Amino acid sequence: MSGTPPDQLAERLARATAWTGDTPGLWAKALEADSKDRRARTIPDAATRLWRRPWARAAMFVLAGSILALVAASLAPPRPRVGGSASVASPPAQYEYSVNEQWRADQEGTSRAADRLARVPVEMSAAIAPSAAPASPPTPPPDAREPFPTDRVVIRKASIDLESKDVRAVAAKASLLVNEATGEYIESSTVTGGGGEGPARIPLNASLTLRVRSERLSDVLNRLRDLGAVTAENLDGQDVTTEAVDLDARLRNEQRVETELLELLGARTNAPLKDVLELREQIAKVREQIELLSARRDRLSHLASLATILVIVREPLATPDQPRPAALGGHLGESLDRAWTDGSRALVDSLAWLLRVLIAGAVWWIVVAVAATWAYRAARRNAQRQAAPTPSAPAPPPPIPSAHDPAP
Amino acid sequence: MTPDPPQDADLLQRFLAGDRGALGELAARYERSMLGVACGMFRGDPDAARDAVQSTWLRVIRYGRTFKGKSSVKTWLYTILLNECRAALASLPAQLRLATRNPADQRAVPDAELHLALDLLPQREREVLLVCYHPGMTHAIAAEVLGIPLGTLKSRLHSALEDLRAIMRTSEHEVVR
């Protein structure tokens, strides 16, 4: 170095990295800044630390899932029990008819009718403009509306199994319970078996399907119970009130459309032939729809007005002869066979139980597995930490040789 | 007989145990020299140096528990300080980094000529010179702080000095012309 000798350069470099001012106590400012910052980030830090743990994440997912399921369950509308099985002792629960359902049914029917009317030629529709109410606001004044149906429409079905030695007589008595004068009838009647002799004899069975008025259902069932020993009984009720209301509403609307179309046809006698034909086609379609809906409504009413009872009459099973005591060898064989069967069943049962436990608690097994893995890792980490020597710890001093120790 | 002053590691442990005064004692030992190194790194800018040192203390406060004792506390402090300086320099816009090259701005900075020459060196050579010639710094500690072997440090220091002399010679010639 020509201009700057080495020692001078070293001095200048040392001066460049020397602090000439006073010490500002920056450590205290840092402490203050840290305490402020720590207060601000305590909760987020704790949440972050917790989130880093796998078991906490798994628990949060499970919790979130449960909350979502609860929310979804609470938001879902309660479904009315339709078509469910009802016990004999308790009648089906009263179906609460909803006003909204009635409105919805009416409005659906009205919108369908409005669609039909929209297809009518423009010239002709102008003629019935004042009466084209279905296309305009669909809500009639409250006093003009038909009253809500207060009766439920329920299709009832019952079945009863009887045992009697005289099957034919019971079947005949059961068929006499039907009062044909009031519209009740026997839908079907079948008698099977009865052939053969001795042990090869086929037991006699009778099966009847009775259609009785709904209000007489309980009475008829009581009388049937007296005819033989009841082995099984079942009563079903299917509530079709909603369907009936819907059909009624659609029927009303179709009839309204038909009336309006007929008025239109009568009012415009000098309309072009093409329009007249088109209108007639529309009327035919509406009529067809009305017939269809009427038939469905009638069938529903018929099903609801008459309950169905299925009566099955059986002969009681013959008591088998008492088996004679088997010989010792036979008894051993039977015992072994029984033991084998019982053991196999027990094995299959226990396997099925195990499978049920595994599947039913799948979610909880996952949670338990995650927690166990975490605990195992934590334990292993602790064990390793304890086993590893501390680098900063001084080595233990060598033992002081005792005067009694023998010289090496 | 006065008792022996506590070791740096003991002071750090005491601070981590809740004794705030221990950090003050540690700062009394190293804050001034840390400010010097930072000042050199920031071409004589005392405000930037103060910021870097305060950030260093903040890191010590927050991450003191991660100190494993593999190196001395002094080395650890200087390593943190250098990292803070590098990060601050990297985050500065290029215009601000080069602002000190303007001779008009350099009037207030002592030995501005040296700082201008250091500025022209590659960063790793500049760091080697500033750390090695810092008062009280040994080559062994400097190598540890910079994270390089001692031999590498010496060769890098030699070439950095050569380059610095060459730059200063050139600038002297330019001034004469």
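Start with the cysteines: across all chains, the disulfide count comes to zero, where a disulfide is taken as a pair of cysteine sulfur atoms within 2.5 Å. Keep in mind that this is a predicted model, in which local features need pLDDT of at least 70, side-chain atom pairs count only at pLDDT 80 or more, and totals for chains, interfaces and linings use all residues. To find your way, note that residues are numbered from 1 along each chain as its sequence is written, that chains are lettered from A and ligands numbered from 1 in the order in which they are written, and that side-chain values use heavy atoms, with hydrogens and water left out.

**First stop: chain B**

Select Cys39(B), which is buried at a relative accessible area of 11%. Then pick Cys85(B), also buried, with a value of 0%. Buried here means under 20% relative accessible area, exposed over 50%, and partly exposed in between (1.4 Å probe, protein chains only).

Now color chain B by secondary structure. You should find nine helices and zero strands, with helices (H or I, at least four residues) and strands (E, at least two) taken as DSSP runs numbered from the N terminus. Of the 177 residues in chain B, 45% are buried.

**Second stop: a positive patch on chain A**

Next, select Arg49(A), Arg52(A), Arg53(A), Arg377(A), Arg380(A), Arg381(A) and Arg385(A), which gather on the surface as a patch of positive charge. Patch members have over 30% relative accessible area and no salt bridge, with like charges joined within 9 Å and nonpolar side chains (Val, Leu, Ile, Met, Phe, Trp, Tyr) within 5 Å. A salt bridge is a side-chain nitrogen of Lys or Arg within 4 Å of a carboxyl oxygen of Asp or Glu.

Which helix of chain A gives the most to the positive patch? Show helix 12 (362-387): helix 12 leads with four residues. Helix 3 (42-52) also supplies at least two. Zoom in on Arg53(A), in the loop between helix 3 and helix 4 (54-75); Arg53(A) counts as partly exposed because its relative accessibility is 37%.

**Last stop: a nonpolar patch on chain A**

Finally, select Trp353(A), Leu354(A), Leu355(A), Leu358(A), Ile359(A), Trp365(A) and Val368(A). Together they form a nonpolar surface patch with about 750 Å² of accessible area, calculated by the Shrake-Rupley method with a 1.4 Å probe, where for residues only the protein chains shown count as cover. Helix 11 (328-360) and helix 12 each supply at least two of its residues, and helix 11 has the largest share, with five. End on Trp365(A), in helix 12, which is partly exposed at 41% relative accessibility.

Note on methods:
Lys, Arg positive; Asp, Glu negative; His and termini not counted. Charge placed at Lys NZ, Arg CZ, Asp CG, Glu CD.
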